[in-house]
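Please open the model in your viewer and keep the sequence panel beside it. The tour below proceeds by selection, with a short account of what is found at each stop.

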Amino acid sequence: IADVQDEIDHELVSKEQIERKINEIAALVSEEYRDRDLLLVAVLKGAVNTLATFSQALSIPVQLDFMSLSSYGSGTVSSGTVTIRQDLSTDVRGRHILIVEDIVDSGRTLAWLVEELKRRGAASVEIFALLEKPSRREVEVDVKYHGYEIPDEFVVGFGLDYNERFRNLDSIAVLKPEVYQGVNA
Ligand code: PRP
Ligand code: MN
Ligand code: MG
């Protein structure tokens, strides 16, 4: 019987570390937005786990919306172009937005999204990213709330996928090399 752990080489960030960091950031955000209506925009699919844990750790009432964006195909390398798979259902004009994202890699997804939300008339746009790979950054992105910096290794879990798999892992991990051998989109 297949077990999600069978293809994992090693863990990079534990469930406990993830939760501790998200709780810290939720406390900061709850304070910062005490007097403003906040709209959380989660970038699907990767941000779904972060959004769930983060939103429940906030002590203020917020609205949630989702935008499904893709910059990766089936491989481990960003294609460089962002595609809207599914748009927001909220009119963002005049809204204070906090984008919730699982990882900043090249920065292309978030750079595009920040510009798009401003173009649509958002009053403010800030970013919370659970993970960042500074060594892979290609475009500048102003992340306000930082989680963990990780090395340039392809990671899965807590929302992050490889070929749409492993999103349900409860920690951040590196796969065994044989899992992606011979595949590079
Ligand atoms: C991944 C990840 C980020 C983005 C980061 O999403 O979840 O959204 O790539 O890469 P970048 O900084 O180079 O743009 P992906 O395109 O794989 O879609 P997914 O969230 O549905 O997995
Ligand atoms: Mn994503
Ligand atoms: Mg992906």
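Select asparagine 163, which is partly exposed because 15 other C-beta atoms lie within 10 Å. The terms used here rest on C-beta atoms placed from the backbone: a residue is buried if 20 or more others lie within 10 Å of its own, exposed if 12 or fewer, and partly exposed in between. Asparagine 163 belongs to the loop between β8 (155-156) and β9 (172-175). Its phi is near 55°, a positive value in a residue other than glycine.

This is a predicted model, in which local features need pLDDT of at least 70 and side-chain atom pairs count only at pLDDT 80 or more, while totals for chains, interfaces and linings use all residues. Residues are numbered from 1 along each chain as its sequence is written, and chains are lettered from A and ligands numbered from 1 in the order in which they are written. Helices (H or I, at least four residues) and strands (E, at least two) are DSSP runs, numbered from the N terminus.

**The loop between β8 and β9**

Move next to phenylalanine 166, also in the loop between β8 and β9. Phi of phenylalanine 166 is near 75°, again positive in a residue other than glycine. Is phenylalanine 166 buried or exposed? It counts as buried, because it has 20 C-beta neighbours inside 10 Å.

Most residues other than glycine have a negative phi, and most peptide bonds are trans. For an exception of the second kind, select leucine 44 and lysine 45: a cis peptide bond joins them, with omega about 5°. Lysine 45 is in the loop between β2 (38-44) and α2.

**Two helices in contact**

Now display helix α1 (residues 15-32) together with helix α2 (residues 48-57). Their axes come within 8 Å and cross at roughly 50°, so α1 is oblique to α2. The axes are lines fitted to C-alpha atoms, for helices over the stretch in contact, and angles run from 0 to 180 degrees between N-to-C directions. Angles under 35 degrees count as roughly parallel, over 145 as roughly antiparallel, 65 to 115 as roughly perpendicular and the rest as oblique.

The crossing of α1 and α2 is right-handed; in this convention the near helix is turned clockwise from the far one by less than a right angle, whereas an anticlockwise turn is left-handed. Which residues make the contact? On α1, select Glu19, Ile22, Asn23 and Ala26; on α2, select Thr50, Thr53, Phe54 and Ala57. Contact here requires that the C-beta atoms of two residues, placed from the backbone, lie within 7 Å. By class, the contact of α1 with α2 has 4 nonpolar, 3 polar and 1 charged residues. Ala, Val, Leu, Ile, Met, Phe, Trp, Tyr, Cys and Pro count as nonpolar, Asp, Glu, Lys and Arg as charged, and the others, Gly among them, as polar.

Remain on α2 and select its buried residues, Asn49, Thr50, Leu51, Thr53 and Phe54. Their cover includes α1, β2, β5 and β6 (124-132).

**Strands β5 and β6**

Select valine 104, in strand β5 (residues 96-104). Valine 104 counts as buried because it has 25 C-beta neighbours inside 10 Å. Leaving aside neighbours within four places in sequence, valine 104 is in contact with Leu110, Ala129, Glu132, Val141 and Val143.

Isoleucine 127 is to be found in strand β6. Isoleucine 127 is buried, with 21 other C-beta atoms within 10 Å. Residues up to four places away in sequence not counted, isoleucine 127 touches Ile99, Glu101, Leu110, Val141, Asp142, Val143 and Lys144. Between isoleucine 127 and lysine 144, 17 residues apart in sequence, the C-alpha to C-alpha distance is 5.5 Å.

**After β9, and the whole chain**

Select glutamate 178, in the segment after β9. Glutamate 178 counts as exposed, with 9 C-beta neighbours inside 10 Å.

Finally, clear the selection and view the whole chain. It has 3 helices and 9 strands, following the pattern β-α-β-α-β-β-β-α-β-β-β-β along the sequence. Its C-alpha atoms fill a box of roughly 50 × 35 × 30 Å, taken along the principal axes. Of the 185 residues, 32% count as buried.
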